Amino acid sequence: MADAAWWQRGVIYQIYPRSFMDSDGDGVGDLPGILARLDHLTWLGVDAIWLSPVYPSPMADSGYDVADYRDIDPLFGTLDDLDRLVAAAHDRGLRVLLDWVPNHTSDQHPWFRASRASRDDPKRDWYIWRDPRPGGGPPSNWLDYAGESAWRWDGRTGQYYYRVFLDAQPDLNWRNPEVQAAMFDTLRFWLRRGVDGFRIDVLSLLVEDDRLRDNPPNPDYRPGEDWPFMRELSVWNVDRPETRELAGRMREVVDEFGDDRVLLAELVLPLEQTVAYYGADGRGIQVPFNFELLTAAWEARGIAGYIGRYLAALPAGGWPNWVLGNHDTPRVASRVGPAQARVAAMLLLTLPGTPILYQGDELGLGDVAIPPEQAVDPIARLIPGRGRDPERTPIPWDGGPGAGFTGGRPWLPVGDANRRRHVAAQRDDPGSMLTLHRRLLRLRRGTPALVTGGYAPIGSDGDLLAYLRTAPGGDRCMVALNLGPRPARLALPGPEATGRVALSTHPDRDGAAVASPLELRGDEGVVVSLG
Ligand code: GLC
Ligand code: MG
């Protein structure tokens with residue numbers, strides 16, 4: 001794997017621009033803010049940044065409702081700011097990925113305004129308009145994410161339009177070749193500006209059945225626990241064969257710009273369907289997100305089993321990836337607790353494949369409780385308890401009044417506990433979460449076994465999760481993670497049965513020689529160089 005691509009070796013850092021760094025005091029993060037903090041990211045040791053959407057948007061869904069795919073919202077800056085950010089990132093060896101939202105536009109996009117204006121408008125067929133079913137009612141039983149009909153009646157022209165998220169996010173009609181061409185051109189627009197690739201939003205929802213066949217009920221639906229739309233098996237409106245084919249066409253577009261641009265994609269699908277998006281002969285999406293760790297029970301046997309199933313399910317040449325946090329999911333530190341969040345970081349950064357790190361997880365930020373009257377995320381109103389504001393709060397940079405994030409009033413509260421976890425306090429603290437991340441990233445970079453090496457599980461009992469990573473040249477390290485609070489022990493492999501602690505979640509034993517059996521304290525994870 002000496003010729004592994006940058007995105008195979010590297011670690012991708014997700015920036016949620018609203019909350020990263022505010023440069024102009026309006027309380028919302030922006031592009032010049034990101035630029036001002038690039039040196040922090042190179043100090044930390046990540047390889048690429050992916051920016052959640054920064055396009056012009058009415059912000060009904062915080063920018064995932066795009067009104068123009070070829071510009072920057074004034075809230076975040078200008079096209080010049082984006083160009084400056086890309087250039088400055090490239091100067092530092094950092095790649096830049098943008099979010100691309102092809103499934104739906106904003107209802108304020110000129111395309112939809114035209115489409116909605118009359119049945120004869122040339123843009124009418126750019127969206128999915130249908131008559132009621134014979135006898136009345138929505139054209140199919142498909143559900144939106146809140147569990148209501150995904151069809152919205154539009155009285156002006158007397159038809160339904162299809163949308164899965166908000167009314168303000170109508171689905172594009174990807175069967176229309178004009179839509180395909182126009183959207184592919186938006187990719188080229190940014191690729192020409194030097195962007196290194198894209199994260200594709202909800203790719204699995206792109207195309208729907210043209211006969212609008214009804215979905216069957218889901219016999220395993222758990223009300224209250226599952227998302228409301230899971231009442232149905234979304235067989236006719238999700239992961240259609242046409243979507244897989246279009247994923248290959250998207251790849252062809254980025255490949256027009258050389259072989260080091262990359263596509264990441266959000267696919268909320270079972271494992272077997274997710275890995276289909278690698279495409280025949282790897283001609284599809286290079287990084288179809290692996291979301292298992294976002295929701296997996298924090299339990300050694302279950303996670304070890306999943307790692308094995310996932311790696312076995314990859315097609316030949318398919319490169320693995322791991323996501324531990326994002327802007328749609330409660331914070332990992334809140335899900336597993338602060339002690340296990342350190343172990344989780346070691347897991348994310350030592351598994352085979354590309355890690356995707358969500359901003360703030362490297363600080364150990366927790367969810368911030370947002371009172372209902374301060375909620376910004378529309379989901380907080382539509383599905384109580386599912387709001388995503390708690391994991392989207394601003395990054396605390398220092399102990400100042402605006403937490404070093406803003407000179408004004410932050411758009412969401414920083415949160416008292418997170419305020420104390422600020423970057424300035426953690427930077428020089430050898431025991432901090434930030435230092436652990438920086439050391440893990442540095443260790444990874446200098447250890448071929450961890451970047452491109454093979455993976456072999458080590459069978460173990462109880463709360464231990466352990467595996468070997470072996471470099472092509474034979475250098476080996478063992479990763480042993482104690483997912484529980486009680487001490488545990490594990491035999492070191494190999495005839496020598498000795499090693500050296502390259503890194504521990506508990507920094508007091510870094511560099512120490514160890515012999516078999518390896519003793520782990522509760523909540524401790526170690527990387528041991530063997531032999
Ligand atoms: C994706 C985004 C999420 C957004 C949705 C609709 O799931 O990650 O934030 O609300 O798509 O675009
Ligand atoms: Mg769609």
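Here are three short exercises on a predicted model, each with a worked solution. Local features need pLDDT of at least 70 and side-chain atom pairs count only at pLDDT 80 or more, while totals for chains, interfaces and linings use all residues.

**Exercise 1.** Find which residues surround ligand 1 and which side chains make polar contacts with its oxygen atoms.

*Solution.* Start with the shell, using heavy atoms within 4 Å: 13 residues surround ligand 1, and the closest are D61, D201, E266, H327 and D328. Next, sort the shell by class: three are nonpolar, three polar and seven charged. (Asp, Glu, Lys and Arg count as charged; Ala, Val, Leu, Ile, Met, Phe, Trp, Tyr, Cys and Pro as nonpolar; the others, Gly among them, as polar.) Then look for polar contacts (N or O pairs within 3.5 Å). Side-chain atoms of H104 at 2.9 Å, R199 at 3.0 Å and R388 at 2.9 Å each pair with an oxygen atom of the ligand. Finally, the protein covers 95% of the 310 Å² of accessible area that ligand 1 has on its own (Shrake-Rupley method, 1.4 Å probe).

**Exercise 2.** List the donors of the magnesium ion (ligand 2).

*Solution.* Take N, O and S atoms within 2.8 Å of the metal (3.2 Å for Na, K and Ca); water is not among the atoms, so sites may look incomplete. N103 (OD1), D171 (OD), L205 (O), L206 (O) and E208 (OE) coordinate the ion at 2.1 to 2.7 Å. Their spacing along the chain is N-x67-D-x33-L-L-x1-E.

**Exercise 3.** Decide whether L205 and L206 are buried or exposed.

*Solution.* Buried means under 20% relative accessible area, exposed over 50%, partly exposed in between (1.4 Å probe, protein chains only). L205 is buried because its relative accessibility is 12%. L206, at 0%, is therefore buried too.

Key
Residues numbered from 1 in each chain as written. Chains lettered and ligands numbered in written order. Heavy atoms only, no water. Polar contact = N/O pair within 3.5 Å; in protein donor to acceptor, adjacent residues only side chain to side chain.
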